[in-house]
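This report introduces a protein model to a reader who has not met it before. Please look at the sequence and the structure first; the account of selected strands and residues follows.

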Amino acid sequence: MLERVINILLVEDDEVDVMNVKRAFKKVNITNPLYLASNGLEALEMLRNEHGQKSSVPTERRLILLDLNMPKMSGIEFLQELRSDPKLSTTPVVVMTTSNQDQDRVQAYNLNVAGYILKPLTFNKFVETMATLNKYWILCEIP
């Protein structure tokens, strides 16, 4: 059975976290295309194909890994905008954040996230988390 490609958009403003995601993907052989946005506004621009331009992230089989604490547009604000857009509203989102606040978790799940993951403190735990997440999205049927 051929594996179908999942186009992953990482919305993260911290360069160290971006580097850790890339390193973890490499370590556990995650070869899915990875697109990067440093804030919610940039991510929305990449996802939308406005003004006749093609979106930067392919429209099929998308998954968003989202940090909550970002400049310009927070992760929660991004989720609100994403869910209010009929063309983007069904895009699966997994929150990866350092925020352990109940309010953030509740808001994220109320905005239909597929998961809420606390960023591990060690790189080895982060690699384990990415491997588990990869197994999950391989099993899921993403439109």
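## Strands and selected residues

In this predicted model, Leu 9 stands opposite Tyr 35, a residue of strand β2. The two strands concerned are β1, residues 7-11, and β2, residues 34-37; they run parallel and are joined by four bridges. Together with helix α1, which covers residues 15-27, β1 and β2 form a β-α-β unit that is right-handed.

Leu 9 appears again among the neighbours of Leu 65, a residue placed in strand β3. Leaving aside residues up to four places away in sequence, Leu 65 touches Ile 8, Leu 9, Leu 10, Val 11, Phe 25, Val 94, Met 96 and Leu 133. The relative accessible area of Leu 65 is 0%, so this residue is classed as buried, the cut-off being under 20%. Along the chain, Leu 65 and Val 93 are 28 residues apart, yet their C-alpha atoms are separated by 6.0 Å.

Two further residues call for attention on account of their backbone angles. Most residues other than glycine have a negative phi. Arg 61, however, has a positive phi, near 50°, and Lys 72 likewise has a positive value, near 70°.

Where do these residues lie? Arg 61 is found in the loop between α2 (40-47) and β3 (62-66). Lys 72 is found in the loop between β3 and α3 (75-84).

Is Arg 61 buried or exposed? Arg 61 is buried because its relative accessible area is 11%, and the limit for that class is under 20%. Lys 72, by contrast, counts as exposed because its relative accessibility is 71%, where the class requires over 50%.

The table sets out the accessibility of the three residues discussed.

| Residue | Relative accessible area | Class |
|---|---|---|
| Arg 61 | 11% | buried |
| Leu 65 | 0% | buried |
| Lys 72 | 71% | exposed |

The side chain of Arg 61 also has a polar partner in the backbone. A polar atom of this side chain lies 3.0 Å from the backbone oxygen of Val 5.

Terms used. Residues numbered from 1 in each chain as written. Predicted model: local features only at pLDDT ≥ 70, side-chain atom pairs only at ≥ 80, totals over all residues. Heavy atoms only, no water. Buried < 20%, exposed > 50% of the residue type's maximum accessible area, 1.4 Å probe, protein only. Pairing = 2+ DSSP bridges. Right-handed = clockwise from strand over helix to strand, strands pointing away. Polar contact = N/O pair within 3.5 Å; in protein donor to acceptor, adjacent residues only side chain to side chain. Contact = heavy atoms within 4.5 Å.
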